[in-house]
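Got the fold open in your viewer? Here's a quick tour of its sheets, helices and enclosed space.

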Amino acid sequence: MIPLPLARIAEITSGALTGMADPRAVVRGPVVIDSRAVEPGSLFVAIKGARVDGHDYAAQAIRAGAVAVLATRPVEGPAVIVPDAAAALAELATAQAAALSKVTVIGVTGSAGKTSTKDLLARLTARVGPTIAPVGSFNNELGHPLTVLRADLDTRFMVLELAARNIGHIKALTRIAPPQIGVVLNVGTAHLGVFGGKEAIAKAKGELVEALPRTGVAVLNADDPLVRAMASRTDARVTFFGRGESASIRAEGVTVDARGRASFTLRTPSGSAPVSLQLYGEHAVDNALAAAAAGYELGLPVATIAAELSQATPLSRWRMEVTDRADGVTVVNDAYNANPDSMRAAFAAFEVLGRGRRRFAVIAALRELGEEGPALNAELGRLAGGSGLAGLIVAGPDAGPVLEGARSAAAEAQAAAQAALDAQAAAQAAAGVPQAPVPHQDAPQGWHGPSPDQGWRGPAQDQGWHGPAQDQGWHGPSPEQGTPQPGWQAPGAGGVPPQGWQAPPAGGPVPGAPPGAGAAYPAQAMRIVHVPDAEAAAAELAGWLRPGDAVLVKGPRAMGLERTAELVLGGAAQ
């Protein structure tokens, strides 16, 4: 921050110095609300929250080197006393931003993707000059001014993330640091219950472009009708990004690799360049385009933008973090937060990343959806239940609609798979293909086959091995190995296929059926359970996972499901 004496801080915040505070003592930063983050020269802002009162930690902050405490009541040590600490923090940040005349402020908002886009854009602006951006998701009435106060006279760019929990919130944040460029990503269903509808969410997000000066630039998503319509709400110049030809900054020829990472050609009015993202999920393309559009407006060459986007790796925690355990289990930790839109994106990415493997997911009921909450959570359950998972864990309270939707969709998927098996068996029988004999009366339930010297065998249904999707084909061990190879999927608690399993001809059978001629083998059912919390979810997974499996962890922030991922990865902090 720009160094300020306590007397000036008191003047800006209309505060009073107490506790023998020296008006000439200089605060050089950082300004913090967590006493553990205090450094010599800091200003500690005492915020009273629902569970913790920062005033109780004032003395600790002073001992750690804070010059003073910005507080609402006298504390032990020098302080600036103000009526409202959060409002005073905003006033202080507003004054600092006004003093930074050479700084270009870029605001980013949207229902999903704000943090990832902010991280990408900050990487681009850093190529031009010193950049300040929020740590993680510092995007509300406290995090926003704290980020602004990190800037100093050397700062050239502030890339700020703006969140809204109601109408007027973004407008208030733009008064602290007025933006010259405003990026709007999308209008989704996050906090739907708070706003009451997507139109109200659009109204709130559009406050960013309304705050732009006539000389500014609004960067809008051409593929989202509610965002595109915001062009009429600003006097600034408008540039569109997206995938259609109407967007001046667009992605062409999007492809996704086996790990779910997208590549595309970045097309701009002044040329094109190839981009290969290291971020996971095809939805990252839209975030990259938004960052590219803002970078293009700043004058960055297309080749530079493409190179930086291609080199970018995830910066903020718990957002599509992909980690492989030593045994080949892949854990996708996307547990920072969730809404219906981000859930769909995560499952789409997970389907690609986990293709050909047993896949499991840990989710929780979504919050703040208002009257539509039960229906949207049932839709979430159907999304998960119909996604071909081997198992689903729903953690936490209010899980009824999610479980009901998941079980319904899973039953429908199992019935469809069984119908496909039956149809295949009937077609083979009609063609005169020899059928596998029915087992003896005392044979275990589940997979049936001819005698060992003739081919396929299998254990009970809840232990039986089955293969991935039809287009992936079947894989098996060599006769001398007798253990499954990558691609085999096993439901239930056990079962190793007998020696001699072999791959079928190219194409393979329908999902759920072992290769070769035979009767209609039973389709496997998805395991669906409900657990109380993140720790219980990890404990349940421990009994399910086998080498080579894949796990998606995704839920609302209040559930803290990142702990599930940490435990599955061995309990170490990520």
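What follows walks through this predicted model, sheet by sheet, and then turns to helix packing and cavities.

## The nine-stranded sheet

Start with the open sheet of 9 strands, whose order is 9-10-8-11-12-13-14-15-16 and whose pairing is mixed. Strand 9 (131-132) and strand 16 sit at the edges, each pairing on one side only. Helix 11 packs on this sheet and touches strand 11 (181-184), strand 12 (217-221), strand 13, strand 14, strand 15 and strand 16. The direction of helix 11 makes about 150° with that of strand 14.

The mixed character shows up nicely around strand 14. On one side, strand 13 (residues 237-242) pairs with strand 14 in the parallel sense, over 2 bridges, and Phe241 stands opposite Ile249 of strand 14. Strand 14 (residues 249-256) is also joined to strand 15 (residues 261-268), this time antiparallel and through 5 bridges.

## Two hairpins toward the sheet's end

Strands 14 and 15 form a hairpin with 4 residues between the strands. Have a look at Gly260 there: this glycine takes a positive phi near 85°. For a landmark in the pairing itself, Val256 has Ala262 of strand 15 as its bridge partner.

Carry on along the chain and another hairpin turns up, with 2 residues joining strand 15 to strand 16. Strand 16 covers residues 271-280, and its antiparallel pairing with strand 15 runs over 7 bridges. One pair to pick out here is Thr265 with its bridge partner Pro274 in strand 16.

## The five-stranded sheet

There's also an open sheet of 5 strands, again with mixed pairing, in the order 2-7-6-5-4. Its edges are strand 2 (16-18) and strand 4 (31-32), each of which pairs on one side only. Strand 4 runs parallel to strand 5 (residues 43-45), and 2 bridges join them. Within that pairing, Val32 stands opposite Phe44 of strand 5.

Helix 1 (residues 6-13) packs on this sheet, touching strand 2, strand 5, strand 6 (68-71) and strand 7 (79-81). The helix direction makes about 15° with that of strand 7.

## Helix 4 against helix 11

Besides packing on the nine-stranded sheet, helix 11 (residues 284-297) packs with helix 4 (residues 114-125). Their axes are 9 Å apart, at an angle of about 35°, and the crossing is right-handed.

So who's touching whom? Helix 4 brings Ser116, Thr117, Leu120, Leu121 and Leu124. From helix 11 come Asn287, Ala288, Ala290, Ala291, Ala292, Ala294 and Gly295. By class, the contact has 8 nonpolar and 4 polar residues, with no charged ones.

## Enclosed space

How many cavities of 30 Å³ or more does the structure hold? There are 2, and the second largest has about 30 Å³ of space. Lining that second largest cavity are Val105, Gly107, His144, Leu160, Leu162, Leu173, Thr174, Ala177, Pro179 and Leu208.

Strand 8 (104-109) and helix 6 (169-176) each supply at least two residues of this lining. Sorted by class, the lining of the second largest cavity comes to 7 nonpolar and 3 polar residues, and no charged ones. Strand 8 should ring a bell, as it sits between strands 10 and 11 in the order of the nine-stranded sheet.

Technical notes. Residues are numbered from 1 along each chain as its sequence is written. This is a predicted model: local features need pLDDT of at least 70, side-chain atom pairs count only at pLDDT 80 or more; totals for chains, interfaces and linings use all residues. Side-chain values use heavy atoms; hydrogens and water are left out. Two strands pair if DSSP finds at least two bridges between them. On a 1 Å grid over the protein atoms alone, a cavity is a set of points where a 1.4 Å probe fits but cannot get out, and a pocket is an open set with protein on both sides within 12 Å along at least five of seven lines; lining residues have an atom within 4 Å of a point. Grid points are joined across faces, edges and corners, and a volume is the space filled by probe spheres set on the points. Ala, Val, Leu, Ile, Met, Phe, Trp, Tyr, Cys and Pro count as nonpolar, Asp, Glu, Lys and Arg as charged, and the others, Gly among them, as polar. Axes are lines fitted to C-alpha atoms, for helices over the stretch in contact, and angles run from 0 to 180 degrees between N-to-C directions. A crossing is left-handed if the near helix is turned anticlockwise from the far one by less than a right angle, and right-handed if clockwise. Contact means heavy atoms within 4.5 Å.
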